Amino acid sequence: FFRASVVFFCTLISARMAAAAKVAALFAAPTLPSLGPLALKNCIVMAPMTRCRADCHSGVLSDLSVEYYRQRSTAGLIITEATCISPGAHGYARTPGIYTLPHVLAWRKVTQAVHDKGSAIFLQLWHCGRLAHPLNRPTLEPPVAPSAVRAAGQIWTDQAQMQDYAAPRALSTREVHATIQEFAQAAETALSAGFDGVELHAASGYLPHQFLSSNVNQRTDAYGGNVDNRCRFVMETLEAVIEAVGGASHKVGIKLSPTVGFDIEDKDAEEVYSTLARKLKSLKLGYLHVMRGPKFDAVGLLRREYGATLIAGGEHNGESGAEALQKGQADLIAYGAAYIANPDLPERFRRGAALNPLDRNTFYSEGHKGYIDYPTLAA
């Protein structure tokens, strides 16, 4: 019995050592990057994920969200769920904001909890643009977009369940400038709530992505038409955000998804994103966050054109993430759904442990179930 036990434990230790070796690049220098003076404890990023747990009227998070982020402070960097920069930025049910004092007070509890665990946290700045429904918005104003192009498909509302996306109205040039300033103000407010930085959500078909897109952006002013003009909104927004955070460009990141977006079609996507990546170089951002997808190798393209700190996201596991780091394809790896079900994801990668099954029915539901009740290995 004793000999069998020794063999069993030796085998277990060997298996754990082998698993740890396969993912070592996620945890060990020299791969560990920094965002300016902000050192990260590992190369694992918790990706921004909408969870719909904010108050339906105020957009204020509850203490459930404090616990949610505290549990997942095993990542080197957490990027929060998309957070609305203004009342007019809302589109979805029960999503948080960053434009009132109660928002700031609620987020301060989150940032303190994350910092107490030794992780960094950036707030994702969000404007839904045309991807919205009036029942989900704390304003009577209709949704806006670069042009009055309605999105195909439907969106959930708590009051009437699935509804068609609302028809947006086109922003005037003056309103474009005002929206850019809303992003800047939200960035300044985020820092007052204790965030280490902010990420501009220019992916997944939301407002900045809509400006980049050839089928949604049909403008004829300086913000539409050719590729340079379609990049203008994103660039001017980032410049305003950098100014709002005191010129500390390392506190600003951007997320792009060139091949993933609601009802987005780009006839010249590779040209658009190559051009944008070259423009972004001059800003010396903290990072560029890229979501993998179909059609073409967006991560590879932007890695070549951008050349600075890059976060790669999109269905990586521990081994594929480590391999991407070792090959120089990325500097940080973002994990999304796996982090929902596995608050201790880095430790599971280290041990080669199985991941908890994911309950997709509770992704966007209310309450604690599927939010803060997933078990850890230590539990």
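# A walk through a predicted chain

Val176 has a relative accessibility of 0%, and because buried means under 20%, this residue counts as buried. The model in which Val176 is found is a predicted one, and the residue makes a convenient place to begin. Val176 belongs to helix H4, which covers residues 173-192. Leaving aside residues up to four places away in sequence, Val176 touches Leu171, Phe211, Arg219, Tyr223 and Phe233. Its C-alpha also lies 8.4 Å from that of Pro146, although the two residues are 30 apart in sequence.

From this one residue we can step back to the whole chain. The chain contains 11 helices and 14 strands, and its C-alpha trace spans about 80 × 45 × 40 Å along the principal axes. For a compact globule of 379 residues one would expect a radius of gyration near 21 Å, and the chain agrees with this, because its own value is 21 Å. Of the 379 residues, 54% are buried. The accessible surface comes to about 15800 Å², and carbon and sulfur atoms account for 54% of that surface. If we consider the contacts between residues at least 6 apart in sequence, 71% of them join residues at least 24 apart.

The interior comes next. In soluble globular proteins, nonpolar side chains tend to be buried together. In this model the largest nonpolar core has 113 residues, and those with the most contacts inside it are Leu26, Leu77, Ile254, Leu256 and Leu280. Helix H6, residues 227-244, supplies the largest share of this core, with nine residues. Which residues does Leu280 touch, once residues up to four places away in sequence are set aside? They are Met235, Leu238, Ile254, Leu256, Leu285, Leu288 and Tyr306.

A charged type of residue can be buried as well, and Glu199, which lies in strand E10, is the case to look at. Glu199 counts as buried because its relative accessible area is 0%. Not counting residues up to four places away in sequence, its contacts include Pro48, Phe122, Gln124, Ile254, Lys255, Tyr287 and His289. Between Glu199 and Cys231, by contrast, the C-alpha distance is 17 Å, with 32 residues separating them in sequence.

Helix H8, residues 298-306, shows burial along a whole element. Why can this helix be called largely enclosed by the rest of the structure? The reason is that seven of its nine residues are buried, namely Ala298, Val299, Gly300, Leu301, Leu302, Arg303 and Tyr306. These buried residues pack against E11, H7, strand E12 (287-291) and strand E13 (310-313). Ala298, for example, counts as buried because its relative accessibility is 2%, and outside its sequence neighbours up to four places away it touches Pro258, Val290 and Met291. Ala298 and Ala148 are 150 residues apart in sequence, and their C-alpha atoms are 28 Å apart in space. Just after H8, Gly307 takes a positive phi of about 80°.

The aromatic rings offer another way to follow the fold. A pair of aromatic rings is described by the distance of the centres and the angle of the planes. The structure holds 14 aromatic pairs. In one of them, Tyr69 and Trp107 form a tilted pair, with 6.1 Å from centre to centre and 50° between the planes. This pair links distant parts of the chain, since Tyr69 is in helix H2 (residues 63-71) and Trp107 is in helix H3 (residues 101-116), 38 residues apart. Both Tyr69 and Trp107 are buried.

Another pair, Tyr206 with Phe262, is edge-to-face, with centres 6.3 Å apart and 65° between the planes. Here too distant parts of the chain are linked, 56 residues apart: Tyr206 is in the loop between strand E10 (197-204) and helix H5 (207-212), and Phe262 is in the loop between strand E11 (252-261) and helix H7 (269-281). Is each of these two rings on a buried or a partly exposed residue? Tyr206 counts as buried because its relative accessibility is 7%, whereas Phe262, at 40%, counts as partly exposed.

Ring pairs can also join into a group, and they link Tyr68, Tyr69, Trp107, Phe195 and Tyr371 into a cluster. A ring may have a charge as its partner too: the charged end of Arg350 sits over the ring of Phe27, 3.9 Å from the ring centre.

Notes: Residues are numbered from 1 along each chain as its sequence is written. This is a predicted model: local features need pLDDT of at least 70, side-chain atom pairs count only at pLDDT 80 or more; totals for chains, interfaces and linings use all residues. Side-chain values use heavy atoms; hydrogens and water are left out. A nonpolar core is a set of buried Ala, Val, Leu, Ile, Met, Phe, Trp, Tyr and Cys residues joined through side-chain atoms within 4.5 Å. Buried means under 20% relative accessible area, exposed over 50%, partly exposed in between (1.4 Å probe, protein chains only). Helices (H or I, at least four residues) and strands (E, at least two) are DSSP runs, numbered from the N terminus. Contact means heavy atoms within 4.5 Å. Rings of Phe, Tyr and Trp (its six-membered ring) pair if their centres lie within 6.5 Å; planes under 30 degrees apart count as stacked, over 60 as edge-to-face and the rest as tilted. A charge sits over a ring if NZ of Lys or CZ of Arg is within 6 Å of the ring centre and within 35 degrees of the ring normal. The radius of gyration is taken over C-alpha atoms; the globule rule is 2.2 Å times the number of residues to the power 0.38. Accessible areas come from the Shrake-Rupley method with a 1.4 Å probe; for residues, only the protein chains shown count as cover.
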